[in-house]
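This report describes the empty spaces and one surface feature of a protein model. The sequence and structure are shown first.

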Amino acid sequence: MMKWNKKYGLIVLAILAVVGIAVGVVVGRSMYHLRVQNFRAADGENHDFYIRDTIAVDSLLTLLDEADYHPASMWSWRRHAKKAGFRRVLPGHYTLAPAIGDRMLIWMFQFGHQTPVRISWRMTIRTREQLAGRLSKQLRCDSASIADCLSSDEYMSRFGLTKETAVCLFIPDTYEVWWTMTVDELFERMQKEYNRFWNDDRCRLADEIGLTPTEVATLGSIVASETNRAQEHPIIAGLYLNRLRKHMLLQACPTVIFAVGDFSMRRVTNRHLQIDSPYNTYRNLGLPPGPIRCVSADVMDAVLHYEKSDYLYMCANPDFSGTHVFSSNYAKHSQTARAYQRELNKRKIK
């Protein structure tokens with residue numbers, strides 16, 4: 001009887017040990033899936049997910065499956081999601097590592113812990129519509145809503161701007177933001193960047209040359225449209241400031257191109273110079289109503305630190321090197337202009 005009891009006890013202990021090991025394995029795997037890794041990307045790469053609207057958890061699983069993110073244990077996932085009360089996925093941009101545990105996955109999507117996105121645009125943006133389109137491709141905001149704000153004097157007055165000067169608020173650069181930011185949040189963020197650029201020192205420099213910050217941006221937009229050679233920017237800025245001080249027409253071809261609206265134009269003719277537009281600086285004295293493109297910080301700084309000279313005229317170099325010939329008298333300018341026109345004709349540029 002004692003031997004049987006001893007044998008029976010050993011069997012019970014063995015069973016308990018097996019059960020304990022089994023439970024330990026299950027619990028251990030569950031904790032591993034929760035804290036370390038359950039979902040894994042088949043390609044071993046990070047993946048970006050853009051959730052535009054609130055969706056159900058099953059819809060998230062579909063998106064993960066389409067991206068070849070598969071759970072090692074669906075049972076663990078269901079258990080952990082239920083325990084966390086995870087039912088809805090908040091909108092946002094999320095970047096998932098190649099391997100991720102249930103806890104981190106739930107934490108991100110349940111509470112909207114997004115990954116920031118980087119938005120950027122260049123000085124190639126010329127119009128409010130182009131700017132709105134570029135921003136909407138990088139954010140959840142739609143282009144129509146952004147364009148409506150840019151084109152509203154009432155809305156832009158919040159930032160001390162008008163629809164003509166609205167693009168001044170958007171200084172070309174790269175900014176880190178939340179993908180789900182609203183249109184108002186976008187403009188408020190850009191106002192912070194605008195105010196950061198227009199610090200006391202820059203405002204003082206603008207005042208010294210007799211321009212407001214928006215006028216600096218407007219002049220800078222003309223300068224940047226004349227050439228992409230940074231070394232010429234301060235020279236061209238000084239030339240146009242000379243013309244402004246002498247109350248001369250700016251006669252800047254880029255403003256005419258903006259007025260026409262055909263940015264593929266390679267040659268401005270007398271016909272174009274007659275267009276009736278406040279942006280035509282061949283007919284209207286002073287600066288146009290606002291920038292003719294987005295203006296970078298470097299170009300505005302070139303205006304603020306313009307090169308002093310007696311230049312009043314400029315013409316594209318007839319050698320088509322991309323540089324300009326500057327002059328202080330009209331006779332020399334006319335000579336260069338005729339040579340440039342001959343070269344345009346020779347190359348059949350119309």
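In this predicted model, the lining of the largest cavity divides into nine nonpolar residues, no polar ones and one charged residue. The residues that line this cavity are Val167, Cys168, Phe170, Ile171, Ala217, Pro291, Arg293, Cys294, Val295 and Met300. Arg counts as charged, so the charged member of the lining is Arg293. The space in the largest cavity is about 30 Å³, and the count of cavities of 30 Å³ or more comes to one.

The largest pocket holds about 1,500 Å³ of space. Its lining has 47 residues, of which Glu226, Cys253, Pro254, Ala316 and Tyr340 are the closest to the centre of the pocket. Elements that give two or more residues to this lining are α10 (213-226), α11 (233-245), α12 (253-260), α13 (270-273), β10 (313-316) and α15 (330-346). The largest share, seven residues, comes from α15.

The table sets out the two spaces by volume and by class of lining residue.

| Space | Volume | Nonpolar | Polar | Charged |
|---|---|---|---|---|
| Largest pocket | about 1,500 Å³ | 26 residues | 14 residues | seven residues |
| Largest cavity | about 30 Å³ | nine residues | no residues | one residue |

On the surface, Met104, Trp107 and Phe111 form a nonpolar patch. Together these residues have about 330 Å² of accessible area. Phe111 lies in helix α4, which covers residues 102-111. Is Phe111 buried or exposed? Phe111 is exposed because its relative accessible area is 52%, and exposed means over 50%.

Conventions:
Residues numbered from 1 in each chain as written. Predicted model: local features only at pLDDT ≥ 70, side-chain atom pairs only at ≥ 80, totals over all residues. Heavy atoms only, no water. Patch = residues over 30% accessible without salt bridge, like charges linked within 9 Å, V, L, I, M, F, W, Y side chains within 5 Å. Areas by Shrake-Rupley, 256 points an atom, 1.4 Å probe, with all protein chains shown as cover. Salt bridge = Lys/Arg side-chain N within 4 Å of Asp/Glu carboxyl O. Helix = DSSP H or I, 4+ residues; strand = E, 2+ residues; numbered from the N terminus. Buried < 20%, exposed > 50% of the residue type's maximum accessible area, 1.4 Å probe, protein only. 1 Å grid on protein atoms, 1.4 Å probe; cavity = no way out; pocket = protein on both sides within 12 Å on 5 of 7 lines; lining within 4 Å. Points joined across faces, edges and corners; volume = space filled by probe spheres on them.
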